[in-house]
Amino acid sequence: MSTHLNWGLLSTARINRRLIPALRAARRAELVAVASRSEARADDYATEWAIPQAYGSYQDLLNAPNVDVIYIALPNSLHAEWTVRAIEAGKHVLCEKPLALTVAACDRIIDAADAAGVVAMEAIMVLYHPLHHQARQMIRAGAIGDVMLARGSFSFFLDRPGDVRWEPDLGGGSLWDVGSYPVSFIRWIAGEPDQVFGWQTLADSGVDKTFTGLMRYGSELLGSFDCGFQEPFRSAVEVAGTEGTLTIERPFPVDRTSRLLLRRRGEDKDRVVAVAEEDAYQCEVEALTAAVLDGEPLAVPLTSSRANVATLTALYESARRGEPQPVS
């Protein structure tokens, strides 16, 4: 039985620079290959990052017999296609979020992974970090009483005109990108909403440059969020209950400045909750490794990623129609 996993990077995307140090710090992972659409680009990238093997096509990487796991950081519109192709090549997969742009595409990924007997996982790294696990454990233990409201924000100023996140054909838009994080956090705490309502403002390209939404849970609990590409960096979540509030400063992405704060009803200041400092990207690498080598369950299985896509697509449909939408 294998004692470690060999990883290959499918693309030379900017996000790789976050995953490469995590792979090299992980206990049972080794980065062995990278692929690009051109041999020259792959060779240059492999030299820059000291990666042993370079491939001039994505399919060549999938065919590599010594690669166990494929990391997919392509534009959103290509996630489902290349995740399925990697699975069908017998590889385990870590795919950047969102897993896909439709629920039907998520189902194809789930079916393919089941048939191939491999592990496929969405790279929602923050939900593998102790900060978010501690927050959910405290809430479930009654630290703030009955949860009434969960809200989150994530925005930054996107000033690169040619960035793929401005391109509708590539799955661009602020909700798919930064909005996915607060939506997934609200679901992490509250579960699946019954109904959503969304509003958006559009960039010249047609994608949403800002988005705000509501998520309704029965008659008692509400979720709210906002996200965007035209505001300064903002990253925060708050969960309010009948007995207090739990706040995370800078939950997306988690770093050394992130803090978990608890304020009980009647108290006049927050208390800082101690949480282990770990790299969120290494946490997701270790989680996939444990799932493959040890049979450990994933904190965010594909069914949960599917449910997040269902929520995001319902929010987009609500914004287009101007009326609430059910989530299915």
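Helices and strands are taken here as DSSP runs numbered from the N terminus, and the model they are drawn on is a predicted one.

Begin with the largest pocket, whose volume is about 1300 Å³. Select Arg-14, Ile-15, Arg-160, Arg-165 and Asp-177, which of the 38 lining residues are the closest to the centre of this pocket. Next, colour helix H1 (16-25), strand E7 (147-157) and helix H7, each of which supplies at least two residues of the lining of the largest pocket. If the lining is then coloured by class, 19 nonpolar, seven polar and 12 charged residues should appear.

Move on to the second largest pocket, with a volume of about 290 Å³. Of its 15 lining residues, Gly-172, Trp-176, Asp-208, Tyr-316 and Arg-320 are the closest to its centre. Strand E8 (195-202) and helix H9 (302-321) each give at least two residues to the lining of the second largest pocket, and the largest share, four residues, comes from H9. Coloured by class, the lining of this second largest pocket divides into six nonpolar, five polar and four charged residues.

Now hide the pockets and turn to the largest nonpolar core, a set of 115 residues in which Trp-7, Leu-9, Leu-10, Leu-175 and Phe-225 touch the most other members. Helix H7 (residues 174-190) contributes nine residues, the largest share of this core, and H7 is also one of the elements that line the largest pocket.

Finish by centring on Leu-9 and displaying its surroundings: beyond its neighbours within four places in sequence, Leu-9 is in contact with residues including Asn-16, Leu-19, Ile-20, Leu-31, Val-34, Tyr-45, Ile-51 and Tyr-71.

Technical notes
Residues numbered from 1 in each chain as written. Predicted model: local features only at pLDDT ≥ 70, side-chain atom pairs only at ≥ 80, totals over all residues. Heavy atoms only, no water. Core = buried A, V, L, I, M, F, W, Y, C linked by side-chain atoms within 4.5 Å. Buried < 20%, exposed > 50% of the residue type's maximum accessible area, 1.4 Å probe, protein only. Contact = heavy atoms within 4.5 Å. 1 Å grid on protein atoms, 1.4 Å probe; cavity = no way out; pocket = protein on both sides within 12 Å on 5 of 7 lines; lining within 4 Å. Points joined across faces, edges and corners; volume = space filled by probe spheres on them. Nonpolar A, V, L, I, M, F, W, Y, C, P; charged D, E, K, R; others polar.
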